[in-house]
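Reader: I'd love a close look at one part of this model. Please start with how a pair of neighbouring elements sits together, then follow the chain outward from there.

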Amino acid sequence: STKKLLLTMSSLWLGTFFAALDATIVATLSGPITAEFNSGTLFSWIASGYLVANAAFQPLSGKLTDIYGRRAGIVFSTVFFAAGTVICGFSKEGWMMILGRIVAGSGGGCLNTISTFVASDLIPLRRRGVWQGFGNIVFGTGMGLGGVFGGFIHDHIGWRYAFYIQVP
């Protein structure tokens with residue numbers, strides 16, 4: 001039914017929203033993070049670590065979810081994304097922050113693509129464009145709000161909480 005489909009897709013889109021938010025959240029947090037770790041070159045590793053892992057795991061998630069199932073892929077991606085954001089929040093050294101971004105990026109890349117795969121599995125071709133349009137709106141909103149959200153959270157409670165809030 002449409003109600004069950006909306007519930008299923010909304011839960012997947014929530015993960016997609018946070019994965020997209022996490023891709024751009026460090027843009028406004030670069031100053032405070034690099035200042036805390038006393039490293040000006042750390043930012044390039046933090047930003048690129050997430051994006052490279054994200055890009056590497058997107059095509060892998062398709063084949064792996066075909067083999068092991070969509071549910072296993074969603075569990076894997078949610079656990080990795082959550083673990084990566086927790087590592088980022090608790091990091092005490094620069095290398096730990098980079099590791100957290102890589103782990104979160106691998107989960108985030110899978111979250112983005114698995115929601116599209118599930119939509120393709122559940123929604124008939126005639127209605128798929130509308131539903132994927134909603135998914136694209138959610139993704140675009142997450143990408144657009146990442147920097148604003150990161151700056152707002154840093155200004156009010158600290159940059160670490162920008163990561164803690166994202167833990168699913």
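Author: Happy to. In this predicted model, helices α1 and α2 are roughly antiparallel to each other (angles over 145 degrees; under 35 is roughly parallel, 65 to 115 roughly perpendicular, the rest oblique). The two axes come within 9 Å and cross at roughly 175°, with α2 covering residues 42–68 (axes are lines fitted to C-alpha atoms, for helices over the stretch in contact, and angles run from 0 to 180 degrees between N-to-C directions; helices are DSSP runs, H or I, of at least four residues, numbered from the N terminus). On the α1 side, A19, D22, A23, V26, S30, I33 and T34 make the contact, and they meet L42, F43, I46, A47, Y50 and L51 of α2 (contact means heavy atoms within 4.5 Å). Sorted by class, this contact has 10 nonpolar, 2 polar and 1 charged residues (Ala, Val, Leu, Ile, Met, Phe, Trp, Tyr, Cys and Pro count as nonpolar, Asp, Glu, Lys and Arg as charged, the others, Gly among them, as polar).

Two notes on reading the numbers. Residues are counted from 1 along each chain as its sequence is written, and side-chain values use heavy atoms, with hydrogens and water left out. Because the model is predicted, local features need pLDDT of at least 70 and side-chain atom pairs count only at pLDDT 80 or more, while totals for chains, interfaces and linings use all residues.

Staying with α1, let's turn to its other partner here. Helix α1 spans residues 2–36 and packs with helix α5, residues 125–156, at an angle of about 35°, the axes lying 6 Å apart. The crossing of α1 and α5 is right-handed (the near helix is turned clockwise from the far one by less than a right angle; anticlockwise would be left-handed). The α1 contact with α5 is made up of 18 nonpolar, 12 polar and 1 charged residues.

Residue E36 of α1 takes us to the charged pairs, of which the structure holds 4 as salt bridges (a side-chain nitrogen of Lys or Arg within 4 Å of a carboxyl oxygen of Asp or Glu). In one of them, E36 pairs with R160, and their closest N and O atoms are 2.5 Å apart. This pair ties distant parts of the chain together, since R160 belongs to helix α6 (residues 160–164) and E36 to α1, 124 residues apart. R160 counts as buried because its relative accessibility is 14% (buried is under 20%, exposed over 50%, partly exposed in between, with a 1.4 Å probe and protein chains only). E36, at 40%, is partly exposed.

R160 also leads to S91, a residue in the loop between α3 and α4. Beyond its neighbours within four places in sequence, S91 is in contact with F37, M96, M97, W159 and R160. Its relative accessibility is 0%, so S91 counts as buried.

The helices on either side of that loop make a pair of their own. α3 and α4 pack at about 150° with axes 7 Å apart, and they are therefore roughly antiparallel. The crossing of α3 past α4 is left-handed. Their contact contains 17 nonpolar, 9 polar and 3 charged residues. M96, one of the residues that S91 touches, sits in α4. Setting aside residues within four places in sequence, M96 contacts I87, F90 and S91. M96 is partly exposed, at 25% relative accessible area.

α3 and α4 are also joined by charge: the side chains of R70 and D121 form a salt bridge, 2.7 Å from N to O. R70 lies in α3 (residues 70–90) and D121 in α4 (residues 94–122), 51 residues apart, so to speak a link between distant parts of the chain. Shared partners join D66, R70 and D121 into one network of salt bridges. In the D66 to R70 bridge, the closest N and O atoms are 3.0 Å apart. D66 is exposed, at 54% relative accessibility, whereas D121 is partly exposed, at 47%.

Finally, back to α2, where A53 is found. A53 is buried, with a relative accessible area of 8%. Not counting residues up to four places away in sequence, A53 touches I102, G105 and S106.

Notes. Helix = DSSP H or I, 4+ residues; strand = E, 2+ residues; numbered from the N terminus.
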